[in-house]
Amino acid sequence: MSDLSVRDLVVKYGDFLAVDNVSFTVEAGAFVSLLGPSGCGKTTTLRCIAGLETATTGHISIGTDRVVCPGHETPPERRGVNMVFQSYAVWPHMSVFDNVAYGLRTRNTPSAEIATRVTEVLRLVGLDGYGARYGTELSGGQQQRVAVARAVITEPRLLLFDEPLSNLDAGLRERMRFELLALQRRLGRTSVYVTHDQAEAMVMSDRIILMHQGRIVQEGSPRSLYERPANRFAAAFIGNANLLEATVTASHGDGRHTVTLPGGLTLEGHVATPGWVPSGAVLVCIRPENVEPAPDGIPATVTRVSYLGPVQTVELQAGAVTLRADLPSRHVVATGTALNIRIDASAVVLVPET
Ligand code: ADP
Ligand code: MG
């Protein structure tokens, strides 16, 4: 059963459509990300679920409760939803204990129970023994944990996260991805996570909902979004891609096609978008790690090499086509030299423009 259902959600600011007819569901216990560039409507969607923003039109249900439907908005405090913000919002002049206990105190929980539960939750987020510290005495990562502890202590039905790791430095941000996800798994709470960071979304999510300009572009597992992008935007936003203009010159059934690139280079490729029959001008997506050296392959010239340690990013010129290849560093390649390449048909994906 889905724990959260958002249907035909629209949010307008004047004439501007911040959220343009968004529908999705989240199954119980799942970790789902709303991913997209800044301004695409992620936060607005999340705030509508929390009740911090009023939907212009649309329906939202949490469990079996309709919290948003025409003429009705359940107040935020009665939705059973807690949100973790990018800014932590940890009260600096309150102890960690009092920060975390706050939600229980407002519910008139007996103080003995508060003490037990705060201790339990602090252990859960790795802040055992930090109860007496003040907000000002905590690092960014510790403040983030307090914010999470505060959100989970009231046992909400739904946990919402709005870019909670964006203020942390790179190393801590990567560690916290695993910690947050492990915590979500232990708690088993249905979670919706907003981020503009595609690596973060890929590492953490059961499912990603990719947004652009207020709309959902594609949703699916991290692998399906990377391997089967729905359009140009999806291919370019998730990972790196060679996106080449091409023409379909032959179709072989089973979604397999021959395409011709500028300069006459031909490749075998396939369609990964269900129901789409390409013809004429199309876009071809080739991930850089799928361009492989092959002695009897397509002749190309190395025009740039960027050594990154485990891989090197190599720019190649194959006739009129410029390609990026990510090659294992054990192949020693030098700018200006010849390198023959092959691209397996399974790695040549025909993609609709929009
Ligand atoms: P995201 O979280 O994906 O970066 P937001 O949901 O915050 O994007 O915003 C989506 C769009 O709506 C942006 O263009 C933003 O400027 C606009 N917007 C958000 N809140 C308001 C508001 N209160 N009034 C007018 N425009 C807003
Ligand atoms: Mg935002």
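**A walk from one residue pair to two domains**

Let's start small: Val6 sits opposite Ile60, a residue of strand β4. Keep in mind that you're looking at a predicted model.

Now zoom out a little from that pair. Strand β1 covers residues 2-13 and strand β4 covers residues 57-62, and the two pair in the antiparallel sense over five bridges. As a bit of background, strands of a sheet pair through backbone hydrogen bonds, and they can do that either parallel or antiparallel.

Where do β1 and β4 fit in the wider sheet? They belong to an open sheet of five strands, and its order reads β2-β1-β4-β5-β6, with antiparallel pairing. Look at the two ends of that order: β2 (16-27) and β6 (72-73) stand at the edges with a single partner strand each, so one side of each has no neighbour in the sheet.

Time to step back to the whole chain. The domain assignment splits it into domain 1 (2-227) and domain 2 (232-351). Over C-alpha atoms, the centres of domain 1 and domain 2 are 38 Å apart. Where they touch, domain 1 brings 14 residues to the contact and domain 2 brings nine.

How much area do domain 1 and domain 2 bury between them? About 950 Å², with 71% of it on carbon and sulfur atoms. On the domain 1 side, Gln198, Leu210 and Tyr226 supply 52% of the area buried against domain 2, more than any other three residues.

What about polar partners across this interface? There are three residue pairs in polar contact, but zero salt bridges between the two domains. The touching side of domain 1 draws at least two residues from each of α6 (198-204), β10 (207-212), β11 (215-220) and α7 (222-227). Sort that side's residues by type and you get eight nonpolar, five polar and one charged.

Terms used: Residues are numbered from 1 along each chain as its sequence is written. Chains are lettered from A and ligands numbered from 1 in the order in which they are written. This is a predicted model: local features need pLDDT of at least 70, side-chain atom pairs count only at pLDDT 80 or more; totals for chains, interfaces and linings use all residues. Side-chain values use heavy atoms; hydrogens and water are left out. Domain bounds come from an automatic or database domain assignment. Contact means heavy atoms within 4.5 Å. Buried area is the accessible area (1.4 Å probe) that two parts lose on being put together, summed over both. A salt bridge is a side-chain nitrogen of Lys or Arg within 4 Å of a carboxyl oxygen of Asp or Glu. A polar contact is a pair of N or O atoms within 3.5 Å; within protein, one must be able to donate a hydrogen and the other to accept it, and residues adjacent in sequence count only if both atoms are side-chain atoms. Helices (H or I, at least four residues) and strands (E, at least two) are DSSP runs, numbered from the N terminus. Ala, Val, Leu, Ile, Met, Phe, Trp, Tyr, Cys and Pro count as nonpolar, Asp, Glu, Lys and Arg as charged, and the others, Gly among them, as polar. Two strands pair if DSSP finds at least two bridges between them.
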